Structure formats: structure tokens, C-alpha cells
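Work through the exercises below with the sequence and the 3D structure open beside you. Try each task before reading the solution that follows it.

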Amino acid sequence: MSPRRYNLRTALLMFVLLPLLAFSAIAGWYSFRVLESQTQERMEEEIELVARAIRQPLIYAIEQGREGALVQALESTLRISRVYGAYVYDADGNRLGTSGPTKPAATSGRVAQMVTEGDRREEYNRVTGGEDVYSYFLPLSNDAGQITGMLQVTRRASEFESYITRLRYQGLAVLIITALLLTVVIYYGHYKAFGSHISAMLKTIGQIGAGKREQRVPTDGPRELQELAVGLNRMLENLISQEAVVVRQKQEQAILEDRLQRSERMAAIGQLAAGVAHELGTPLNVVDGKAQRALRHTDLEPAVTESLQEIRHEVRRMNFIVRQLMDFGRSNPLQCQPERADRVIRSVLTQVASDARYRHIDVSMTEHAPAPTLMIDRLRMEQALSNLLHNAVQSATHRVQIGWFANEEQVGFMIDDDGPGIADADRERIFEPFYTTKSVDEGTGLGLAVAHAAVSDHDGRIEIETSPLGGARFRVVLPRPQTGDDND
């Protein structure tokens, strides 16, 4: 049988029960052989005792010539059920008396020989009908030690065989019953000690393999099985933990790769924007200067004056776009220093005050906690917050709020408005250069891209959420400084 085909219960039967039964059978066979020998000896001793019991009455009857007493002594042996027959001979081998069947009486010559040898004797004879008979010969000696006769007491050999056969059957029955009981005990013991617990473990392992990772192997049963179950559960926890780590690492890797691709794309766009802005800046200044000098003439037609003013307006708008392109393409290293968040916010509020008054938007600063101190490049961060705040003012209906937050790991700014918010589809692209949801007159698609680039240079990020005011919330999340006091 293949080692992979039999189970633990079969192994117990093969390697425990069968050797135990084989050993019991050998031990039982040897014990029965010893018992048979002892039983036969004991049954032969019983005949010897009977012979010795009637020995003295027979010697006395032979010496006194009292035939009646001799016959009476012989017949007394038949009252003992174990005796088959009894015979008395004189010293010459002549039979003096008989009790029971005449067979297997010994011949006179045989008796005379045994008298001459003068020792007791045992032998088995087969009588008519094929039955074996056990005979015990006991010499009859007078007080002078002279053998005057011989006594023969017989017993059926079949009594020995039937008794021994009965013992054999009884022993075989005991062995079979013992084997059956041991089999039942092993089956029941295996189920209670191992089978039920191992079945429960295999069932749970199957469920885990089918995808139910929350299942755990039951820790019941003997200590070894409990330790095995605990080990399996610990291994499962480690596997799940490692899988979670791998999944998280893959997600982080995907995010980093996406950020890297975006950074590379932004860098390329920034270089292009910086180059375009540099080339356009000088011609635009020349056009604006010439338009300004032309407007100084007092004899211009009203239509010409209006056209020149429109030229200057468009040139200013183009200069604004050029500055944003230059801001986006800026790659100067940061000049970070400790700055209090509230001071940065107040400076930004000043920059957007005129736009807010023009649009009738209430812009305020929330001061719900002590302002933290941030390690930032103030000009770049003010530029990012100014763009975010301008975007909020343009989107708001009535209110815009700007404040800060701080916890054990992060610090930053929050900008809320009560506008329509930002659709989920736009949140993935809103920081891309030249992507805007506003009209051409209100947005170039560079303000949020510039803010995103400035925050990224600070190893931070901008998160978009739904504002409690009903519109959008921009969270500028920055790493918390490792040392230093947050509050002045």
C-alpha cells in the first residue's frame, strides 16, 4: 500500500493492532501448550491418586486371599467418574480381578515383565472402537518390599483431548473477542483523540484554501494537535500579513511610478513653458511700451485710442500668462526657513483682497488652534496658497475660508469655499498644466499646476475634499518638521 493511500487509523491498525494481536496469538499459543501439558499431568495424577488410594486394601486382600474384599476395592474405583477400568494381577501376571471393561487389560507376560522391573509405568493403549485409553500401573508390595501383584487403573484419553480442545476453543474465542474489542477501542480512540480534530482542521484548511481567509484552524484536541493548529494559524497570519505588505508595496510603487511619470511630464512642460515665456516676454514689453507711447498723443481718434487700450489690456493678460509660465517652469532650489502659518496666511489674504472685493466674496482666516511653525520657502508657498485662494474666490458663491491644521505627523493649510465643488472626473486632472474648467477669461489652467509644483517641491501634496461650506476643500499637506518648536 502506498504511503499516501492509508490514513492514520489504518496505520494504527497495521502498526499497532496487528503486531499486538500477533504477539498475543504467539503468547497465547505458548501458554496453551504449557496449560495443556500441565492439565494432562494433573489428570494423570488424579488416576495415580486413585490407584494409591486402593493400593493398601488390595495388598491386604491379596495377602489374606480375600477375593471379595479385592473386588469391592476395585468396584469402589468406578464410583469415581474419571476411572474407565481397574485391574489387579498377581506376581505372575495372572489377572485376579476386574472392574469395568475387560479392555485394555494387560497380558500376563507384560505384567510379569513389569513386576520384574518393579517400577510404576504409564502408557496409552487403543481399545476396540478406536478409543485411546490411558493406563497407570502401580506395583503392589508387601511390608517386606516384595512385589506381590500389579494394579492397573485406566482413564479415557478422550477426556484429556476434549478438555484441551475446549480450552483451545475458549482461548481462540478470547483472542477473537479481544481483537474485536481492541479494534473498536482503536477506532473510537482514534476518532476521539485524533480523527475528529484532524477532520475539523482539514475542513477549515479547505475553507481557507477556497478563499475564506478569516477562518482559523481550531485549537482543540491533544497538545501536539493544539501546537500544530497554533503554528498553522500563525503561519496563515504571517502569509496574510506578507500579502498585505506586498499589495501595499505594489500600490505604493504604482503611485510612485505615476508621480514619477507626472513629474517627468511636468518637468518637460515646465522647460517648454519657461522657454516660451522667456522668448515672449521681451516682444510683449515692446508692444506694450509702443502702445503706451502712442496713447500719449492727444490728437488720436477715439477709435484708435480704444484700440490701443485694448492692445495694452491684451498685452497685460499675455504678460500674466507669461509670468505663470515662468513660475511653473521655475526650478530654483528652495530657501526654507521657519515661518508661522498665520503670518503666511495674512500675507496671502492681502494678495487676493482686491479680487475678493471685486467678486463680493467674504474671505476670512480661521484660528481654531495655535498656529504651527513650518519649514518652508515662503515665496513659493505664498505663490501656491495665492493661486489656491484665487481659485477658491473665483469658484465661491459668498464665502472662502483659509486656515491651518497640525497633528503628530503632518502640518499644512486648508482652503474652503461654498462653490459647486469639484467633480470626481476633474480631480485626477485638475493639477495638469493648461487644464481648466473655467472660461477663457478667468483661467489659463496654470494656477493650480503652479501650486501643485510648489507644494511637491516641499515634499508635500494637495488633497481635494468636500468642504463643510458645501464646496471644495484643498488641503496642503506638508511633512512635520523633525525638530524645533511649532509655536513662537
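**Exercise 1.** Decide whether R429 is buried, partly exposed or exposed in this predicted model, and find which side chain meets the side chain of R429 in a salt bridge.

*Solution.* Begin with the relative accessibility of R429, which is 40%. Partly exposed covers the range between under 20%, which is buried, and over 50%, which is exposed, so R429 counts as partly exposed. Then look for the partner: the side chain of R429 meets that of E432 in a salt bridge, with 3.3 Å from N to O.

**Exercise 2.** Find the salt bridge partner of R312, and work out what the pair ties together.

*Solution.* The partner is D288, and the closest N and O atoms of the two residues are 2.9 Å apart. R312 lies in helix α7 whereas D288 lies in helix α6 (residues 223-295), so the salt bridge ties together parts that are 24 residues apart in sequence. As a last step, check the accessibility of the pair: both R312 and D288 are buried. The structure holds 20 salt bridges, and a further step is to locate the network of them that links R461, E463, E465 and R475.

**Exercise 3.** Determine whether N319 is buried or exposed, and which residues it contacts beyond its neighbours within four places in sequence.

*Solution.* First place N319 in helix α7, which runs over residues 302-328. Its relative accessibility is 16%, and because buried means under 20%, N319 counts as buried. Once the neighbours within four places in sequence are left aside, N319 is in contact with L284 and N285.

**Exercise 4.** Describe helix α8 (residues 341-359) by its span, its kink and its buried residues.

*Solution.* The helix has 19 residues, and from its first C-alpha to its last it reaches 26 Å, which is close to the 27 Å expected at 1.5 Å a residue. Next, look for a bend: α8 has a kink of about 50°, centred on V352. V352 is also one of the buried residues of α8, among them V344, I345, V348 and L349. An α-helix has 3.6 residues a turn, so residues three or four places apart point the same way. The cover over the buried residues of α8 includes α9 (378-395) and β9 (399-406). Finally, D342, another buried residue of α8, forms a salt bridge with R340, their closest N and O atoms being 2.6 Å apart. D342 has a relative accessibility of 5%, whereas R340 is partly exposed at 22%.

Key:
Residues are numbered from 1 along each chain as its sequence is written. This is a predicted model: local features need pLDDT of at least 70, side-chain atom pairs count only at pLDDT 80 or more; totals for chains, interfaces and linings use all residues. Side-chain values use heavy atoms; hydrogens and water are left out. Helices (H or I, at least four residues) and strands (E, at least two) are DSSP runs, numbered from the N terminus. Buried means under 20% relative accessible area, exposed over 50%, partly exposed in between (1.4 Å probe, protein chains only). Contact means heavy atoms within 4.5 Å. The expected span of a helix is 1.5 Å times one less than its number of residues. The bend at a residue is the angle between axes fitted to the seven residues ending there and the seven starting there. A salt bridge is a side-chain nitrogen of Lys or Arg within 4 Å of a carboxyl oxygen of Asp or Glu.
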